[in-house]
Amino acid sequence: MWQYIVKRLLLMIPTLIGAALVIFLLMNIIPGDVALLIIGGDQGGDINPRELAKLRTQLGLDRPLYEQFLTWLWSVVRLDFGKSLWTGAPILEEIMIRLPLTLEIAIFATIISTIIAIPLGTLAAVRQDTWVDYVVRVISIGGLAIPAFWTGILIILFLVIYFEWGPPLEYASIFQDPWENFKQLVWPIVTVGYRNAAVAARMTRSTVLETMREDYIRTAWAKGLQERVVVVKHALKNAFLPVITIIGTEIAFLIGGLVVTETVFTLNGLGRFMVDAIAHRDIPVVQTLVLFIAFSFVFVNLIVDLLYAWFDPRISYR
Amino acid sequence: MRGLKIGGLLLAIVMLVGLWGGAAALAEEKPRRGGMLRVAIAGDPPSLDMHQEQTFLVTIPFSTVYNTLVMFDPHGYPNIIGDLAKSWTVSDDKKTWTFTLHQGVTFHDGSDLTSADIKASWDKIITPPEGVVSPRKSLYQMVQSIEAPDPSTVVFRLHYASPSFLSMLAHPANFMYAKKYLDQDPNYYKQHAMGSGPFKLKEYVRGASIEMERNQKYWKQGLPYMDGIKYYIIKDDGARAKAIRADRADVEFRGFAPAEVEGITSQMGNKVTVAYPGQPAHWGIAFNVDKKPFDDERVRKAMSLALDRYDMAKTLAPLTSLDIPGGPIPPSAPWALSPEELQELPGFGKDHEANLKEAKRLLAEAGYANGFKTVLTNRSIKLPYIDMGVYLLSAWKKVGIEAEHRLEESATWSKSRASRDFELLLDPMGTSAVADPDELLVKYITGGSENWGRFSDPVVDKLFEQQKVELDEQKRIQLARDMQKEIMKKSWWLPVLWWSRAEVRSAKIRNYEPMPNHWMNRRLEDVWLAEK
Amino acid sequence: MAIATPRPYPVVVGHDSALYRIWVAIWKFVRTKPLGAAGAAIVIAMAFAAIFADFLAPYDAYELNQRLQFKAPTLTHWLGTDEFGRDVLTRLIYGARIALFIGLASSFIGATGGAILGVISAYLGGKTDLWLQRVMDILLAFPLLILALAIVTVLGRSLPNLILAIAIPVIPRTARIVRSSALSAKENVYVEAARAVGSTHIRVMFHHIVPNIMAPYLIVLTAQLGGAILTEASLSFLGLGTAEPTPSWGLMLSGGAPMYAEKAPWLAIFPGLVISLAVFGFNLFGDSLRDALDPKLRHRS
C-alpha cells in the first residue's frame, strides 16, 4: 500500500512541474508586458524607455526564458510568489487573506452536497419511476445544466425581493462567529454545491439501481423491512466508491463554480481574486492562482485515488 | 378693548412658543461629540500619496489626515478660506502672494508645522524630483518660486498675474506634508499617512477597511467632533448601495446610479438624505486626429451631428446619471456656454432629423457616403462607460459608421490612451475644484498632458493663453466661451454629457453639505453625528 | 355489392414512401427515448432560431429605444425590454446565433485538433505518444473554465481569442478518447496488411483509422458542445468574453441584470433559462447520440 502511495506521489511531481511550465509559457508569451504594466499603471503618462529597460532588468525579464522559468520555479518552491501588480502586496499574503473563505465554501459544498445526494439518490432508486424519482431526476438534471451563476442570481433575486437581503460588509470567520458565518455563506454553498449534489445523486441512483437488479437482491427486498435495510446498506456500500470518484472529477466544476459564485455574491475569495486579477492584467497573480488551482486539482485527485485504492482492495497497485 | 387683550394674549403665546421652539431648535443644533462615521468606498487607494495619484480613492479617506494651505469653505462654496493660512495679501501687480500661517499647528508626531513644510510640499507638487510623479503640476505653471522667509510666512511669486491661482491652491489634493520625511524620502507618503489633520490613520486592512481615529491634539480647538471614521472597501456597486440600505454604512461619498438611489430611498425613506450637488465629471469623445478619417473636420462634425445628445441624456440618465448635455465647462459654472449658444454648435441642435441629414451629407462630401468601419476604445466598466458606448455605437450606426466596441481594463485602457493607441476614445474629463477654465481647458491646448488625441489648433491655444492672464472676470468668461466654441465648431473633441452625481447620506450626519465634486469637503473636521 | 370500407383517416402519403418511413422512425425515437428526443428538439429549435433569426426576431437586437426602457413582458414585447429599451426576446434569438456559433466553432476546432493529436499519438506510438500523452495529462490538470480564463488573460478579449480559449481545453479531452479508439483500430489486421503492401502512413491513417474514430469523435464533439456554450456564457458573465452590445446570453446576465433585478427581474430570469435549456438539450442529445452510436460506451444514468 505504501509503495502505491509513494509511487503516486512521485508521479505527481513531473505533472506538477509540467503544469508549472505550461502556465509559465502561457503567461509569458507576451514579452515585456509585465514591465510595461507596472510602469504604465493608471497614470497614463509618457513611458520613459530608459526606466522601462531598467525595470525589465530588475525583474529579470531580459534573461533567457528557461532561466526565468527556473528562477520562478525555485521561488515557488520557497513559497515566494512575488508581488501583485495591482495592489503591490506580496501575492502569498493576498492569497492567505482569501483562502479561508474559498476553502470553507469548497469543503462545505462538497461535504453537504454529498451527504444530501446519497440518500436522495437512494430514495429515487428505491422508488424508481414514482413521482419521487422524477422529482429527484429533474432536479439533478437542473444541477448539470443550470449555470452556477444563474442559480446565484436567482437566489439573490429572491432574497433581495422578499427578504431585503444585503451582502455582508465584513466576512465573519467560522471560528469567531459561526452563526453569522453560516448566514453569510449558506447561499454560496448551496449555489456551488448544487451541481455536485446533482451528479452524486445521479451516480448513487444508478449504482443502487444496478445493485437492485440482482436477483438475489430482489428476493431479499421482497422479503420485508429487515431485509430491505440490509439491501440498502449493501447498495450504499457499492455506491460509496463511485461517489468518491465523482468528487475527484467534479472538482474541476467546483472550482469553476467557485469563481462565478464568488463573483455573483461578491465574496472576497480566491475565485473573485482571479477574476479581478484578470481584469487588471495582473499577470503574476493569475500565474500564481492558476498554478495553485492546478496543484489543488492534482492533489485532490491524488487523495481520491488513494481513498479508492484504500477502500477497494481489488485495485492492483501496478 | 377686549380684542386688544386677546390679541395681546395671542401675541404672548406666539412669542413664548416661538422662543421655546427656537430654544429647542438651537438646542438641536449643538454639535454632539462622539460617534463613528461609517463610509462605503469603492476600492483600495493605489498609494497613500495624493500628490502622485489621481483618484478619489485616495482623496476621500486621506483628506481627513491632512490640512491644506487654503480650502473651499465647507459651508460657503465657492468661497475660499484659509486652512493652514490665517490670512494672505496680494501685491499690486498681483504677482506676489504672501500667506501668514496659523501658530501652534502640530503634526500627528508632535513636531511643529512651519512654512518650511509648506514650501517643501509645494515644491514637490510643482517641481517634483526624479522618481516622483505630479499629474496636476501643469495647473501651477504660473508659479515662479516659493519662499519661506520666516516660520509663519510663505510667499508665492508668479510669472504672471493669474486669476485662477487661488482656486488652484485650494485644490483638495494639495495635502501639506512634513519636510522632515520628504527630505528622507520623497516617496515616504506613498506608504505612510502622517499629517496635521483632524484624524489620524489608525489601521488600514487592504481590501477591507481604512480606519481613522480622532486627533486629540488637533490644532483647531474643540474639533473634530466625531471619534473616528471607518471606510469600508466594497468594490461592487450594488453591494455598496446595499450597505447603505441595510444601515451598515452611513454615507457613500462619490455617487450612486439612479437605480441604487431608488432602492435606497424606498427602503430607508427619510433616514437618508439624497443630494444632487452638481456636475463633477464629463464624458466625451477624443479622436486620434492622425488616423484617417478623423483628420477630416467634416467627418468629425458628422459624428457629432449624429448624436442626439438630448435623447442620449434621457436614455442614459436613469441608468448612469449622465443627464446634461454640455460643453467642456460644467453647465452651472459662470464660464459655461449658455443653452442657446450650445444649440448653435454641431451636435447640440434640437432638430435631430436635420442633423442626421447634414451628417450624411458631410460624410458623402468627405468621400464616405457608405460610412466606414472604426473602433471605439472604451473602459470595461459598466457605468457609465459601457452604457455610453452602447448608445454611441447605435447612434453612429444610423449614419453608416460601424464602430467595434473594444473594451479594455483600466490599466490597459490608460496605456492605450496615453500612447494614442486608439481611433476613437471615450474620454472622461472632469473638474475637481471650482470649474476653473485653467484646469478644464488646459486639456485642449497643443501638447496638453490630457490631450489624448493630440490635436493642435493655434486659435485654441491663443485663446487659452489670453484667458490665463485675463484678470477681468467678464472678459475672461468671454474668452473661455470663445475657446470652447472654437473647439466644438471644429469638432476636435466631442463633449457629450455631464454627470450629475447623487450623494446619499444618513440623516444623522450634521453640519455637512456636499460640494459638486466628490473630492471636496472630505476633511470632516466639523461634521457631527446626531443620535438617530 | 362490395361495401366500401371507409378509410379510418385520410392517407397523406403512401405507406412505403421515404417520408413516411422517416416519420415512423422519428416517432419511434420519440417514444423509446423521450429524453433524447426532447434534447434533439431543443437543439433543432436553437439551430432554427440561430439560422432564421433575421426572420424570427420581432425587433432589432441593437436598436435603443428611450421610451421602452425597462418594460415588463407584454403582448408587444413578450419577454420585456432591457435597460436600453431593447427587446429581450429578439436578443435571446440572436443570442442563440452567437452561442451556437461560438459553441460549434470552439468545440469543432478543439475536438478536431484533439482528434488529430490522438490519432497521431496512437499511430506513431513510442516516444511521440509518450510525450503527447504527458502534455495532454498536464493540460487536463486544469479545470476547463480556469484554462479558458488564463488563455483569455494572455491573448486579450476578442472573438477569435474567445473561440480559441474555449477550444483549447477541449483538445486534451478529445485526444484521450480518440487515442484509445485509434489504438484499438491500429491493432486491426487491415492496417498491418496495408503497411505491408506499402501504403504511406497518411493513407493508412485516413483509410483505416479515421473511420473507426468517427463515432467517438462525434460523441465527444456533441458532449463538449454543451460545455462550450456554458463556458462562453460564464466568460461573458465574468466580463471576459463577448462585449456589449453583442446579444450574448451570458452577457445579458451580467451588468444590467443583477443591478436592475428589483426593477426588472425578467432581465435576470430569461437569459439564464435559455442557457440552461440549451445546455440541457445538448447534453441530452449528446447522451442519446452516444447511446445510439456506441452501445459499448453506454453509461448507465
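Which helix of chain A has the lowest mean pLDDT, and which has the highest? Keep that in mind, since this is a predicted model. Helix α2 of chain A, residues 33-40, has the lowest mean among the elements of that chain, at 61. Helix α5 of chain A, residues 91-126, has the highest, at 89. Right after α2, look at residues 41-45 of chain A, where the pLDDT is below 50. That stretch still has 14 contacts in the model beyond near neighbours in sequence. As a whole, chain A averages a pLDDT of 80. In chain A, 87% of the residues score at least 70.

Now to where chain A meets chain C. Chain C puts 36 residues into the contact, and chain A puts in 40. Which elements of chain C give two or more residues to that side? They are α5 (126-140), α6 (144-155), α10 (201-237), α12 (256-259) and α13 (266-293) of chain C. By class, the chain C side has 25 nonpolar residues, seven polar and four charged.

Let's stay with one of those elements, α6(C). Is α6(C) mostly covered or mostly open? Mostly covered: 10 of its 12 residues are buried. Among them are C:L144, C:I146, C:L149, C:V152 and C:T153. Its length can be checked too. With 12 residues at 1.5 Å a residue, α6(C) should span 16 Å. Its end C-alpha atoms lie 17 Å apart, so the two values agree. Just past this helix, C:G156 takes a positive phi of about 95 degrees.

On to chain B. The domain assignment gives chain B two domains: domain 1 covers 67-180, and domain 2 covers 280-500. Taken over C-alpha atoms, the centres of domain 1 and domain 2 of chain B are 33 Å apart. The two do touch: domain 1 of chain B contributes 14 residues to the contact, and domain 2 of chain B contributes 13. On the domain 1 side, eight of those residues are nonpolar, five are polar and one is charged.

One last residue: B:A241. You will find B:A241 in helix α6 of chain B, residues 237-245. Why does B:A241 count as buried? Because it has 26 C-beta neighbours inside 10 Å, and 20 are enough. Leaving aside neighbours within four places in sequence, its contacts are B:F256, B:E260, B:G263 and B:I264. For a longer reach, take B:A435, which is 194 residues from B:A241 along the chain. The C-alpha atoms of B:A241 and B:A435 are separated by 28 Å.

Key:
Residues numbered from 1 in each chain as written. Chains lettered and ligands numbered in written order. Predicted model: local features only at pLDDT ≥ 70, side-chain atom pairs only at ≥ 80, totals over all residues. Domains from an automatic or database assignment. Contact = placed C-beta atoms within 7 Å. Nonpolar A, V, L, I, M, F, W, Y, C, P; charged D, E, K, R; others polar. pLDDT = per-residue confidence, 0-100. Helix = DSSP H or I, 4+ residues; strand = E, 2+ residues; numbered from the N terminus. Expected span 1.5 Å × (residues − 1).
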